[in-house]
Amino acid sequence: MIRTRVWRIRAGLSCRIALLSDLHNADGTEALQRLAQLRPDLIAVTGDLFLGYHALEGDDLLRTQHNILPFLEGCVKLAPTYISLGNHEWVVSASDLEGLASTGAVILDNRWVRERTCGVLIGGLTSGMLTDFRRFRKKHADGEPYPHEIRHTDAYILRPRTKWLDRFERQQGYKVLLCHHPEYWCLQEPMLIDRRIDLVLAGHAHGGQIRLFGQALYAPGQGVLPRYTGGLFTGPHGRLLISRGLSNTAPPPIPRLFNPPEVVLADLHP
Ligand SMILES: [Fe+2]
């Protein structure tokens, strides 16, 4: 059973943003029904639509993962939908991206747009895992296999592209950044807490998978007893809002415990 969490955020404008994250190719029907009731102005999907961590290069993920396109098509019918790319998109192919875009959703792959419904600037920071994979492919055009077992353990190697953020934070207007990794807020470069971005939307931590007495147990990128697994955090220039995600992502037999999946609403108000 998916729950809804609503966060009212003072923003100088009105806009209801639904934050969805970490579908991981699960059935999105219940989330879509909930969204239809909530009537958001915008929908932000902060990555990990796919379940692709161990996917082989060269495969089109959309060929075998059939819940993603219906989910996005459902979102687009309800409100303008924006996507950023997470770590499970690390081998996403050009044709996969075309497939996602064919639904009418806007893919924010290290870029921003000014959207028209609420008049906010909305950007998407691509996961460092996909960024590193692209760098590696460019350097090893001969097809050398990407050694993900080694590279995926090194936070320095897995750094995202940040140059465009320098321009983004200088723009006028309310700035929303879709960024899959909450650890990019203040635990790891690009340390978004130090940037003039009004609202960062994230997922990835799955609420810590198991929660005991309100404490999350583990999150990738943060380790045991992580802090940034869900909810709203305030920095000197803006806020971080984290979704606990839409599905169970840890491999069986690790369940989600005391940690229901959620649809998050950011209710921006003047
Ligand atoms: Fe993730």
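**Entry 1: strand β7.** I started with β7, residues 121–125, and checked how covered it is: 4 of its 5 residues are buried. Note to self: this is a predicted model, so I'm reading a prediction here.

**Entry 2: who sits beside β7?** On one side I found β6, residues 111–114, which pairs with β7 in the antiparallel sense over 4 bridges. I picked out one pair there: V113 stands opposite I122 of β7. Then I followed the chain through the hairpin that links β6 and β7, and counted 6 residues between the strands. One of them, G119, takes a positive phi near 80°.

Next I looked up β8, residues 175–179. It runs parallel to β7, and 5 bridges join the two. I22-something was my scribble, so I checked properly: I122 has V176 as its bridge partner in β8. L121 is bridged to K175 of β8. So much for pairs; I122 turns up twice in my notes, opposite V113 in β6 and with V176 in β8.

**Entry 3: strand β8.** Is β8 buried or exposed? I went through it and 5 of its 5 residues are buried, so the rest of the structure largely encloses this strand. Then I checked which way the side chains go. In a regular strand they alternate between the two faces of the sheet. Here K175, L177 and C179 point one way, while V176 and L178 point the other way. Both sets are buried, and that includes K175.

β8 also pairs with β9, residues 199–202, in the parallel sense over 3 bridges. The pair I wrote down is L178 opposite L201 of β9.

**Entry 4: the core.** Which residues have the most contacts inside the largest nonpolar core? The core has 67 residues, and my list reads A18, L19, A44, Y82, C179, V200 and L201. I recognised C179 from β8 and L201 from β9.

I zoomed in on A44. Skipping its neighbours within four places in sequence, I found A44 in contact with I17, A18, L19, Y82, L178 and L201. L178 and L201 are the two that stand opposite each other across β8 and β9.

**Entry 5: zooming out.** I counted 6 helices and 16 strands in the protein. The radius of gyration is 17 Å, close to the 18 Å that the globule rule gives for 270 residues, so the protein is as compact as a globular protein of that length. Its C-alpha atoms fill a box of roughly 55 × 45 × 35 Å along the principal axes. Of the 270 residues, 44% count as buried.

Last check: among contacts between residues at least 6 apart in sequence, 73% join residues at least 24 apart.

Terms used. Residues are numbered from 1 along each chain as its sequence is written. This is a predicted model: local features need pLDDT of at least 70, side-chain atom pairs count only at pLDDT 80 or more; totals for chains, interfaces and linings use all residues. A nonpolar core is a set of buried Ala, Val, Leu, Ile, Met, Phe, Trp, Tyr and Cys residues joined through C-beta atoms within 7 Å. A residue is buried if 20 or more other C-beta atoms lie within 10 Å of its own, exposed if 12 or fewer, and partly exposed in between; C-beta atoms are placed from the backbone. Two residues are in contact if their C-beta atoms, placed from the backbone, lie within 7 Å. Two strands pair if DSSP finds at least two bridges between them. The radius of gyration is taken over C-alpha atoms; the globule rule is 2.2 Å times the number of residues to the power 0.38.
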